[in-house]
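Here are a few short exercises to work through with the structure open beside you. Try each task before reading its solution.

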Amino acid sequence: MMKHLKSAIVATFTASAAALVAFPALADAPRVAVALPGMVTDRAFNENIYDGLVAVEEQFGSEIAYTENVSQATQVEVMSDYARRGYDIVVGSGGEYTDAAERVAANFPDTTVIVLNGAPTEGVTTINYNNPEFGYLLGVVAGGVSETGVVAALSAQKFAAFDNVVDGFRQGFQSVQPDGEVLVAFTNDWADVALAKEASFNLISKKADVLMPYLDGAWVGVVQAAQERGVHTVGILHESESNLVSARLDFARALVMAVDLHQKDELEAKDYVIHLTSRDQLGDFSVDVPEEVQTMALDAVEKIKSGELKFGD
Amino acid sequence: MTAAPARLTLEGIVKRFGTFRANDNVSLKIAKGSIHAILGENGAGKSTLMNVIYGLYEQDGGRILSNGKEVRITDPREAMALGIGMVHQHFKQVNTMSVVENVVLGLPGRQILNLDEDRRRIKELADELGSEIDPDQPMWTLPIGTQQRVEILKMLYRDADLLILDEPTSVLTPTEIKAFFVLLEKLRESGRTILLITHKLDEVMDLADRVTVMRLGRVEAELEIANTTPRELARVMVGRDVVFDIQHAPPKVGDPVLELDEITAVDDRGIGALHGLSLTVRGGEILGIVGIDGNGQGELAEAIAGLRSISQGRIAICGQDASGFDPSERKSVLKMGYVPEDRQKVGLDLDSDIAFNMVLRSFRAPPFSKYGWIDFKKIRAHAVDLAERYDIRMQSVSQRVRDLSGGNQQKIILAREIEDNPKLLVVAQPTKGLDVGAIEFVQRTLLAQRDQGTGVLYISSELEELLLVADRLAVIFKGRIIGDMPASEATSEKLGLLMTGRELA
Amino acid sequence: MSSETLTDARTSRLLTVIRVIYMLKTVWAVIVALLIGAIFILLAGGDPIEGYTALFKGAFLDYWGIGDTLVRMSPLLLAGLAVIIPLRAGLFNIGAEGQIYIGALFATIAALYLPGFLPGWIRIILCMMAGALGGGMWAAIPGLLKAYRGTNEIITSLLLSYVAIYLIGAVLHAWLIEPGAPYPYSREIDKSLELPIFMPRTQAHVGIMVAWAAAILVAVMLWRTTLGQAIQVVGHNKHASSYAGLSVKRLTVLSFAMGGAMGGLAGTFEVLGLKYRLFDHFSPGYGMQGIIVAFLAALNPIGAIFAAIFLAGLQVGAGSMQRATGIDTTMVAALQGLVVLCVAVGLAFKFHPDRWRRRIAAWRGNE
């Protein structure tokens, strides 16, 4: 878990991060509750947020609570119940919580409602990574490694965050291989490993030799398929040894930062966007990534940092 | 025979259902090595008594003695342990399994199967009984008579020496019945005891050594067959004299009520069953359809009733083309009553109550339904009236039809079909499985209808019955009518020839 | 003589009591299930009394909890009715889940595209009709296949559920998705189409009352109308139905379609009453839970109201229990299974007055 924390430093929160080290565990620590769409053991999005929650407990002495596998129908129910029980911060994990968060925020004005990876919403704090930047970086690496000129992105459902990742991914890929093709596939299930594996085989048979899963627990299937067929993966919501490189959208870190801002009474009900600003937001390159491709990727990081490359907002 | 020791003795058996006494102080003694019949109308308490002996019910009073020792039988396994085996009217078999598998199925104390050994012993037993059974044949491929033999074998395999047979001939064809009688005599010769439950007088007369006649849950008489007559048995069973000869006046024949013109239809498997069949029934006459089962009788009845579509030909009821009328319209508009062959599967909704079954075919129309709402008050009143007039024995009209005897079930159907004064009445095997009292009731009802001017088409495989009731007889063979004669001119010989397809010169 | 009549009177009174005890067997089954569940909670290191108190308080005794329970009850009840109606005709509708989704899709399309000049309440009614129609048409497919091709309706209705779920995903992706949405969901429906809330500050919408009304209407339909009787005759005996002049085929399709309409309404209310949008994967298996509702209610539409409230309360209370005591919600999934199991076992117990009369006599004898 510490590795996760180490792997990202976020510009927007640099100052707060410094403060964090200076003032650990306050007496009137906020109570924090999280509603999760999946299991905290998925070694991806849900586990990442859970790690953040545990970090909040450790660092602020907060009382924490979470509910796994919250179905769509019960999002408002679960979040409202936490608010009623006096939790100061109630977190919805993922864009699908946006609507529910809006309603809960309206009903419980004293509660801070946060959505991770959500669209800007009235009365709600949303925290997002600038998805295209991270996608771009992975696209560059994929472009440097792909021999077939075909790579693929794989998610469960089509929605804005993923679309943005793919946009960046495509641009990055085509900056290296201008005629290259990016395939996109959806499995309709975030956790179904077998389904993800099946879909990966399908993409591989269409000549894709670098796969980017944007999944919860199901990412394991993509990695398995890639290993069996001798192709590569890059990581975005998950980190794995077998990835060429992982660009971690570290929501654990984001959650810790948000709680810290809340402690200092600085957290606003607005959209926070975390940019790619440091080499540290990337994991290690695997041996399959040639030296010159690594250099190319690091150049891209610099260009994004300096503002030479700009995506969306 | 009387000197033989008793294999099974019942003393004062009482079995109550609620306030109703299904068995009331029943005592009987079954001599070892004999065939003992229990005769009674449907609902006389025969089956209840057998279920008590077999441990399916526990008696509320009385004693059971097996080989002179008092026993308590609370489940069929205990009965088996005492050497008592039962063959139910509906076999308890697994159709997809072979004979040997069915026989050994559920044998106690077997962890490891040795089917070779079983096969050998089954063959031996079958040989002993003079029947040929291939132990490896799957059950469903066997004719029903053979399946019954397997069921008996199953009991013998469990060392049963007292066999209870519940209405064993009701599922058999006439030829199978003959072979079955031979088998029973062989069993008696081998020293086994047989308890035969039946409502058929002739079987009792042909086979049994002694007979116990039951009526309304009580033993009415226990008689030596040698010292009795069918007439006496019938009287004891029904509680009054039964008239075997029905007198009827010559028919006053009116206009045709049913005209079939060259109709063709297929059976459920899509094989041709009716091949250009033509016949006419006139008002005021009973036309009996004679034939060996399976020559298209069932399909004929269904085609007329509108339950089976015809591919060619024309059906006219009371002069009107019947095509385009569904079964219930044929009843309500064309004035046709229909008593189907299978009363439990087709004629009734067993899970509904008596009242509803009385309007099964008319509940959707006024006065029982108005604007889509059903009027249970009217339905009940209607049923109470009918039940009284047709002498349906029941506790109330809200009773489920499933719990009634076959005779009462048939009365419900008859009442329903006759009540709105049909011009045409089609009845298929109306007396199947009924006791003499109920048969008589059915026949009287049909004759009364005829005398009112209704045309009756009477399909039956009971030749005797048809000769008794019908005015005219038509013989069906392979889906066609191949002969037609007034009942007065009909003889068993003539009809027998026609039934086997030999047309008269 | 008089002492004998006295004993008889006492016996019959005692028998009445025993009969009532038998009639309540579902209640006993639930209690047994809870007791067994208590053992599980103990084994998991929890305090069952504390847990159950939190559960029942959270579901039935707390204002918010009651609101949540009712919100959850609505789709469970309607899904239960979706199973009950066809099952009364002897047909297994395992695909209520799909009917819920298609109903929600139809209702959403109606909500988004009905002309705005119509008053809100008219549009709400039209949306409900559209949802019912969608669910009904979807359910009519297995009905038609069963009636005219003899295809096993269990399989077709079940598989069509998956088709429906994926179809919603596809339609969302291709057409209805709100641009820039953080999750695949449609645009929001107009404020005037949101169902009124009848418990302030909860989510308890009037769709809940419509669901109750639907249950009562289904009961009336089954027990008081000609159509209901016809459906039940078909359920009892198909041959007798043909003989009675009923069109078994038509009633097969119709009962399936009516069930599907109930499922469609369930989906409609999830959109109009709860989410105000069509979400991908919005139903957490209400269709399947409808089978449990139908089973607990013994196919009685009025009983289904109580079964649905109970099941909804169990699920809502589970959340409260977990949040209050840390007992895992999976325990409640296990509890739900136990309840079904115990009720099924309970069905095996039938009241035999004779047997009890004899037992009573034996006790008296021993006294």
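**Exercise 1. Chain C as a whole**

What percentage of the 367 residues of chain C count as buried? Keep in mind that this is a predicted model.

Solution. Start with the cut-off: a residue is buried when its relative accessible area is under 20%. By that test, 56% of the residues of chain C are buried. Next, look at the secondary structure: chain C has 15 helices and zero strands. Finally, the C-alpha atoms of chain C fill a box of roughly 85 × 60 × 35 Å along the principal axes.

**Exercise 2. An asparagine in a loop**

Find C:Asn93 and decide whether it is buried or exposed. Then list polar contacts of its side chain.

Solution. First, place the residue: C:Asn93 sits in the loop that runs between helix H4 (63-88) and helix H5 (96-113) of chain C. Second, compare its accessibility with the cut-off: C:Asn93 is buried because its relative accessibility is 1%, and buried means under 20%. Third, follow the side chain of C:Asn93: it reaches the backbone oxygen of C:Ala82 at 3.1 Å, and it also makes a polar contact of 2.9 Å with the side chain of C:Gln99.

**Exercise 3. A nonpolar patch**

Which elements of chain C give two or more residues to the nonpolar surface patch?

Solution. Begin with the members: C:Val17, C:Val20, C:Ile21, C:Met23, C:Leu24, C:Val27, C:Trp28, C:Ile31 and C:Leu35 make a nonpolar surface patch of about 810 Å². The elements that give two or more residues to this patch are helix H1 (2-23) and helix H2 (25-43) of chain C. Now take one member: C:Val17 is in helix H1 of chain C. C:Val17 is partly exposed, because its relative accessible area is 47%. As background for reading such patterns, an α-helix has 3.6 residues a turn, so residues three or four places apart point the same way.

**Exercise 4. Two sites in chain B**

Why is helix H1 (residues 46-53) of chain B described as largely enclosed? Then find where B:Glu464 lies.

Solution. Seven of the eight residues of helix H1 of chain B are buried, so the rest of the structure largely encloses this helix. Among them are B:Leu49, B:Met50, B:Val52 and B:Ile53. Just after this helix, B:Gly55 has a positive phi of about 85 degrees.

For the second site, go to helix H16 (residues 463-469) of chain B, where B:Glu464 lies. B:Glu464 counts as exposed because its relative accessible area is 60%. Together with B:Asp202, B:Asp206 and B:Glu462, B:Glu464 gathers in a surface patch of negative charge.

Key. Residues are numbered from 1 along each chain as its sequence is written. Chains are lettered from A and ligands numbered from 1 in the order in which they are written. This is a predicted model: local features need pLDDT of at least 70, side-chain atom pairs count only at pLDDT 80 or more; totals for chains, interfaces and linings use all residues. Side-chain values use heavy atoms; hydrogens and water are left out. Patches are made of residues with over 30% relative accessible area and no salt bridge: like charges are joined within 9 Å, nonpolar side chains (Val, Leu, Ile, Met, Phe, Trp, Tyr) within 5 Å. Accessible areas come from the Shrake-Rupley method with a 1.4 Å probe; for residues, only the protein chains shown count as cover. A salt bridge is a side-chain nitrogen of Lys or Arg within 4 Å of a carboxyl oxygen of Asp or Glu. Lys and Arg count as positive and Asp and Glu as negative; His and the chain ends are not counted. The place of a charge is taken as NZ of Lys, CZ of Arg, CG of Asp or CD of Glu. Helices (H or I, at least four residues) and strands (E, at least two) are DSSP runs, numbered from the N terminus. Buried means under 20% relative accessible area, exposed over 50%, partly exposed in between (1.4 Å probe, protein chains only). A polar contact is a pair of N or O atoms within 3.5 Å; within protein, one must be able to donate a hydrogen and the other to accept it, and residues adjacent in sequence count only if both atoms are side-chain atoms.
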